[in-house]
Amino acid sequence: MSVAVSPLAPKKYAKLPPLDGIRIATAEAGIKYRNRTDLLLMVFDKGTEVAGVFTRTKCPSAPVDLCRQNLGGGKAGALVVNSGNANAFTGKKGRETTSLTARAAAAAAACGEGEVFLASTGVIGEPLDAGKFSHLLKDMAADASADRWTDAGKAIMTTDTYPKYATATVRLGDAEVTINGIAKGAGMVAPDMATMLSFIATDAPLAAPVLQQLLSAGTRTSFNAITVDSDTSTSDTLLLFATGAAEKRGAPRIADPKDPRLTPFRRALNRMLKNLALQVVRDGEGARKQVEVTVTGAKSARSARRIALSIANSPLVKTAVAGEDANWGRVVMAVGKAGEPADRDRLSVWFGDIRVARDGERDPDYSEAATSAYMKKDEVRIRADIGLGRGKATVWTCDLTKAYVEINGDYRS
């Protein structure tokens, strides 16, 4: 079915500059979609370092298994991504497909099979025929160029209504380095150590252990703090590549995650991770509103996070937001069911800057008109103070509309 672009889409898209050490190509392989690109190849210069985080589901896809296997080498020569089929729960056939694809990509990119990384997104349980696209990789590698980041973002989309891009330029030592990122995701979004699919690259000369520390730390308050529908994908993959090309321009090679020269880069990367994660939330299937949920006063940060996710994942909270209904009782419900320490008579709730409940009852200054007016905004903030400690957490979600059911009701049809 045709889906209109989300009303929360960016007014303008970031323009990602070419990045030394990476060439990009896309193709129409017809895996599921027609008349649109569905295959992405990135070719990396020799010596490119890589880090990654992946889904923690107990039913991971075959590409996730291959990426985990190859990540230990710390080097990347090629990335192949297809949309339309997740190659998940496909057994021996799935493993054969990843093996065949890795061989074809290694030959095309002139790298080792252990330097190939794969990602697939789409329908679960349908065998993916490598014969539909592996033969395209050789010509794609020959035609690849550095200025095709826009094409890359479009090729990895499934039910996304818009591509997700982010870029940053930051100083590393006495040189400037660039960070580019793309992401896809709209449904089945409740990441656990990664996003749906996201690929970030830099020309900074950073060693793989440094990249891994940066990525693992940065996901907690970005991709691991978003949820569209509480469902963690079989295919969640977030990869960070560093070509090291900026070393020729005077950027220092960094092998210690504690190196103070990393601070500006770390901050820029964290901003990018959050930017891409929020673009995923704002493209939640059928979404019309972005929702920020903050929990304060919990027993611990971990407890606050669990309560915040309980609120953010509640269908009743999300449908109330969709209906612009100031139903704070549903927030109270979600706090109570979270299984974390809470005291009804210490609980306070805000919508935006409006306190709607305090000390276990409706706020005496509560105004239905003022709160209803606030709920008409396309960005809604909900805060719950538990009143028991200093634990704090923020997560982001979207509302739940009829369109979500429509999109997912016929996804395989």
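Which residue follows α2, and what is the sign of its phi? In this predicted model, α2 is followed by Ala 110, whose phi is positive, near 55 degrees.

The helix itself, α2, takes in residues 91-109, which makes 19 residues, and from its first C-alpha to its last it reaches 27 Å, close to the 27 Å expected at 1.5 Å a residue. Its buried residues are Gly 94, Thr 97, Thr 98, Thr 101, Ala 102, Ala 105, Ala 106 and Ala 109. Because these residues cover an arc of only 160 degrees around the axis, they lie on the same side of α2. On the other side of α2, by contrast, Lys 92, Lys 93 and Ala 107 are exposed. The cover over the buried residues of α2 includes the strands β2 (39-44), β4 (78-85) and β5 (116-123), together with the helices α1 (62-71) and α3 (137-143).

Of these elements, β4 is mostly covered, with eight of its eight residues buried. The strand pairs with both β2 and β5, as the table sets out.

| Strand pair | Sense | Bridges |
|---|---|---|
| β2 and β4 | antiparallel | five bridges |
| β4 and β5 | parallel | eight bridges |

Individual residues illustrate the two pairings: Met 42 stands opposite Leu 79 in β4, while Val 80 has Leu 118 in β5 as its bridge partner. The helix and two of the strands also belong to one unit, since β4, α2 and β5 make a right-handed β-α-β arrangement.

How values were computed: Residues are numbered from 1 along each chain as its sequence is written. This is a predicted model: local features need pLDDT of at least 70, side-chain atom pairs count only at pLDDT 80 or more; totals for chains, interfaces and linings use all residues. Side-chain values use heavy atoms; hydrogens and water are left out. Helices (H or I, at least four residues) and strands (E, at least two) are DSSP runs, numbered from the N terminus. The expected span of a helix is 1.5 Å times one less than its number of residues. Buried means under 20% relative accessible area, exposed over 50%, partly exposed in between (1.4 Å probe, protein chains only). The arc is that of the directions from the helix axis to the C-beta atoms. Contact means heavy atoms within 4.5 Å. Two strands pair if DSSP finds at least two bridges between them. A crossover is right-handed if, with the strands pointing away from the viewer, the path from the first strand over the helix to the second runs clockwise.
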